[in-house]
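The following exercises concern packing, helix geometry and ligand contacts. Each task is followed by a worked solution.

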Amino acid sequence: MDRNLLMVAGPTEIEEDVLSAGAKPMVYNRTSEFSKFYLGIIEKLQKVFRTENDVLILSCSGTGAMEAAVTNLLSEGDEVIVVSGGTFGRRWFDIASIFNVKCHLVSLPQGRTVTSELIKPLLSDKIKAVFLTANETSTGVLTDIEPVGDLVKGSNAILVVDAVSSLGADPIETDGWNCDVVISSSQKALALPPGLAFVSVSQKAWRLIDESSIPKFYFDLKEYCKNAERGQTPFTPAISLLNQLDMRLDKMLEIGMERLNFLQRKKSDYLLNGLVGLGLEVIGDAHSSGVLGVIFPIDVDAFDVVSRLRDEFFIEITPSPGEDKPRVARIGIFGKLELSDIDYFLVSLKKILS
Ligand code: PMP
């Protein structure tokens with residue numbers, strides 16, 4: 001299969017040594033050596049999530065972790081608040097609704113981010129959880145989680161955060177911001193192949209899990225937690241992906257999370273300045289460090305730009321989902337993408353637009 005430069009919102013460009021770690025020979029997972037390896041990964045993940053909560057690893061994409069959060073935390077008829085600024089906020093609503101959870105939807109206009117004032121009037125004693133998206137990947141708009149965390153902490157509800165496109169790019173302070181459940185996955189800012197998802201769970205969230213009556217089997221988080229205590233998984237783990245994760249986490253922690261976030265922000269500011277220099281508008285004031293949503297002029301079809309970037313310059317970006325003739329495209333700058341790649345993209349885009 002031909003391969004183009006990946007500037008989509010995941011999967012991403014991956015470092016060579018991390019790719020090679022996925023080609024290591026298989027080992028048997030029901031051994032004490034594997035348990036030690038697995039416990040080591042969990043400890044490293046806790047540092048990346050900046051939490052002392054349990055962090056569980058699932059073999060699935062990000063949506064699997066979203067479904068696991070809903071089915072483990074809630075029961076039919078429960079009431080929750082869902083904040084949606086686009087496709088992925090809406091996905092919380094879709095999943096919860098399928099399981100007959102009653103959602104109070106806070107629907108944001110494109111580019112807007114939620115404030116605790118929008119949530120406060122809905123946060124009654126009945127509300128079991130508030131669902132947020134840290135970076136709404138369909139627009140690249142970043143949520144200010146901390147004030148919502150402060151608000152939800154003093155209520156009966158828990159705060160559930162989708163950090164699929166944030167963890168590793170923008171800061172996620174799981175404990176510092178009182179996030180009870182944070183989900184993420186491997187193929188975006190963690191710069192790994194798709195196939196692993198992660199769920200962190202606080203004590204307040206475990207109490208809710210104890211009350212949950214929605215049926216689940218493969219994603220029963222209590223089983224993952226029980227097994228993880230001895231470095232094991234309820235079902236066969238994705239061993240090759242875990243080898244890659246282990247190496248990637250070492251590399252991330254060696255750089256340090258703060259510096260990693262700083263470097264990522266530098267890259268996104270560089271791209272932002274370049275896009276503005278081309279006379280383009282970037283969605284939202286609070287833009288993420290991993291994905292930018294760019295609005296093309298009225299006479300430009302984003303599909304056209306995407307096709308020409310692919311066919312003439314071998315670069316992949318993504319038109320925004322859900323529109324017939326979209327003017328918005330998303331540009332991902334995760335992984336090992338360099339400033340020189342961004343330069344190449346900007347020069348190519350300039351040629352197309354002129
Ligand atoms: N949440 C967010 C914020 C995402 O960006 C994505 C993927 N684009 C998902 C959830 C769904 O993840 P996946 O495609 O890995 O299931």
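**Exercise 1.** Leaving aside its neighbours within four places in sequence, which residues is L245 in contact with?

*Solution.* The structure is a predicted model. With those sequence neighbours set aside, the contacts of L245 are I41, L45, I57, L192, L196 and F198. Next, place L245 in its wider setting: the largest nonpolar core has 48 residues, and L245 is among the members that touch the most others, together with L45, I57, I119, V130, I145 and L159. Elements giving two or more residues to this core include α2 (32-49), β2 (54-58) and α9 (239-255). The largest share, 7 residues, comes from α2. Finally, a second, separate core of 37 residues includes M66, A69, V70 and I95.

**Exercise 2.** Compare the expected span of helix α4 with the distance between its end C-alpha atoms, and locate its buried residues.

*Solution.* Helix α4 covers residues 87-98, which makes 12 residues; at 1.5 Å a residue they should span 16 Å. The end C-alpha atoms are 16 Å apart, so the two values agree. Then list the buried residues of α4: G89, W92, F93, I95 and A96. These residues lie on the same side of α4, because they cover an arc of only 170 degrees around the axis. Beyond the helix follows N100, with a positive phi near 60 degrees.

**Exercise 3.** Identify the residues that come nearest to the ligand, and describe polar side-chain contacts with the ligand.

*Solution.* Of the 14 residues around the ligand, S61, T63, T137, D162 and Q187 come nearest. For S61, a side-chain N or O atom is 2.5 Å from a ligand oxygen atom. For T137, a polar side-chain atom lies 2.4 Å from an oxygen atom of the ligand. For K188, the partner is a nitrogen atom of the ligand, 2.8 Å from a polar side-chain atom.

Definitions and conventions. Residues numbered from 1 in each chain as written. Predicted model: local features only at pLDDT ≥ 70, side-chain atom pairs only at ≥ 80, totals over all residues. Heavy atoms only, no water. Core = buried A, V, L, I, M, F, W, Y, C linked by side-chain atoms within 4.5 Å. Buried < 20%, exposed > 50% of the residue type's maximum accessible area, 1.4 Å probe, protein only. Helix = DSSP H or I, 4+ residues; strand = E, 2+ residues; numbered from the N terminus. Contact = heavy atoms within 4.5 Å. Expected span 1.5 Å × (residues − 1). Arc of directions from axis to C-beta. Near = heavy atom within 4 Å. Polar contact = N/O pair within 3.5 Å; in protein donor to acceptor, adjacent residues only side chain to side chain.
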